[in-house]
Amino acid sequence: LLSLRQGRGHVFGRVRTLAPSAGRSPQALQDAFRNAATAADASVACTDGPFAQLARDGAHWRITALSTPDFGVLRSITVLGARQGDATERVLAELDFPAHAGAPLQLDERLELPADLRYARMEVLTRHGRRALTGAGRQ
């Protein structure tokens, strides 16, 4: 995880950007973000607590969401995207977890999404209002 700092006691915001990287050098990090921009999987994520991942799994998409008691149980997971020819983004799948139903701290599921997607991305929201957003995965 990278943090921007102004002195030892100050960190800008609480949102972190996650990107798979082969190392910590500036070049390795630049390569990670360049590769993420063209990857089929939504490998980059921004979060202020929970973890979110949206990845191709054969003909399906695998959604993974993880939280902790500190960040709160999962409230909702929304997969958004656009099909070929769409002018705007639309909701492709939505999972809501009612508070009274014992909402989970984690979820790992496979979804079947339309075959003609231009891209898909995911948003995770917890009961404490924390969020995780993935980058856009492409077909």
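Analyst: Accessible areas come from the Shrake-Rupley method with a 1.4 Å probe. With that in mind, we can read this model, which is a predicted one.

User: How much area does the protein chain expose, and what share of it do carbon and sulfur atoms supply?

Analyst: The protein chain exposes about 8400 Å², of which carbon and sulfur atoms supply 51%. As for burial, a residue counts as buried when its relative accessible area is under 20%, and 32% of the 139 residues of the protein chain fall into that class.

User: Which elements does the protein chain have, and in what order do they run?

Analyst: The protein chain has one helix and ten strands, and from the N terminus on the elements run β-α-β-β-β-β-β-β-β-β-β.

User: How do strands of a sheet pair?

Analyst: Strands of a sheet pair through backbone hydrogen bonds, and the pairing is either parallel or antiparallel. In this model, an open sheet of three strands has the order β3-β4-β7, and its pairing is antiparallel. Its edge strands are β3 (51–57) and β7 (106–111), each of which pairs on one side only, while the twist from one strand to the next averages 10°.

User: How many bridges join β3 to β4?

Analyst: Seven bridges join β3 to β4, the strand of residues 60–66, and these two strands run antiparallel. To look at one position in detail, find Ala-52, which stands opposite Ala-65 in β4.

User: What share of the contacts between residues at least 6 apart in sequence joins residues at least 24 apart?

Analyst: A contact means heavy atoms within 4.5 Å. Among the contacts of the protein chain between residues at least 6 apart in sequence, 60% join residues at least 24 apart.

Methods:
Residues are numbered from 1 along each chain as its sequence is written. This is a predicted model: local features need pLDDT of at least 70, side-chain atom pairs count only at pLDDT 80 or more; totals for chains, interfaces and linings use all residues. Side-chain values use heavy atoms; hydrogens and water are left out. Helices (H or I, at least four residues) and strands (E, at least two) are DSSP runs, numbered from the N terminus. Buried means under 20% relative accessible area, exposed over 50%, partly exposed in between (1.4 Å probe, protein chains only). Two strands pair if DSSP finds at least two bridges between them. Axes are lines fitted to C-alpha atoms, for helices over the stretch in contact, and angles run from 0 to 180 degrees between N-to-C directions.
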